[in-house]
Amino acid sequence: DCRFKAPLTFPDTLHIGTRITEVREDRFVMEYAVFSEKLQRIAATGRGLVVSYDYVGKAKAPIPSRWRSRRR
């Protein structure tokens, strides 16, 4: 999903930030923010659910444990 907070116009310089906020066995949640230098504020925020998928097996696949256990 995306929540638009301010309209963007050209030219502008945008900074996009993302972070993972939740990790489960076969999926994770990412949050996003779009910052406008021209407006000096966040212009949009968003959130997405990413599911790991095995294209050969045609099914959800577990995220490797070494990825799930990685912390900053």
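**View 1. The one aromatic pair.** Search the whole of this predicted structure and you get one aromatic pair. The rings of Y53 and Y55 make it up: with centres 4.8 Å apart and planes at 75 degrees, the pair is edge-to-face, because planes over 60 degrees apart go in that class. How much of each partner is open to the outside? Y53 has 39% relative accessibility, so it counts as partly exposed. Y55 has a relative accessible area of 69%, so it goes down as exposed.

**View 2. W67 on the helix.** W67 sits in helix α1, which runs over residues 65-68. Is W67 buried or exposed? Its relative accessible area is 58%, and the cut-off for exposed is over 50%, so W67 is exposed. For a sense of distance, try A43: it is 24 residues from W67 in sequence, and the two C-alpha atoms are 31 Å apart in space.

**View 3. R24 in its loop.** Here we're looking at the loop between β2 (14-23) and β3 (27-36), which is where R24 is found. Which residues does R24 touch once its neighbours within four places in sequence are set aside? They are I63 and R68. V51 makes a handy reference point too: it lies 27 residues from R24 along the chain, with 9.5 Å between their C-alpha atoms.

**View 4. Strands, then a helix.** Pull back to the whole protein chain and you can count six strands and one helix. Walk along the sequence and the order reads β-β-β-β-β-β-α. Put a box around the C-alpha atoms along the principal axes and it comes out at roughly 45 × 30 × 15 Å. The radius of gyration is 16 Å, while a compact globule of 72 residues would be near 11 Å. As for contacts between residues at least 6 apart in sequence, 43% of them join residues at least 24 apart.

**View 5. Surface and charge.** How much of the protein chain is tucked away? Of its 72 residues, 17% count as buried. The accessible surface adds up to about 6100 Å², and carbon and sulfur atoms own 55% of that. On the charge side, the protein chain carries 15 positive and 8 negative side chains. Where do the two sets sit relative to each other? Their centres lie 2 Å apart.

How values were computed:
Residues numbered from 1 in each chain as written. Predicted model: local features only at pLDDT ≥ 70, side-chain atom pairs only at ≥ 80, totals over all residues. Heavy atoms only, no water. Helix = DSSP H or I, 4+ residues; strand = E, 2+ residues; numbered from the N terminus. Rg over C-alpha atoms; globule rule 2.2 N^0.38 Å. Buried < 20%, exposed > 50% of the residue type's maximum accessible area, 1.4 Å probe, protein only. Contact = heavy atoms within 4.5 Å. Areas by Shrake-Rupley, 256 points an atom, 1.4 Å probe, with all protein chains shown as cover. Lys, Arg positive; Asp, Glu negative; His and termini not counted. Charge placed at Lys NZ, Arg CZ, Asp CG, Glu CD. Phe/Tyr/Trp six-rings, centres within 6.5 Å; stacked < 30°, edge-to-face > 60°.
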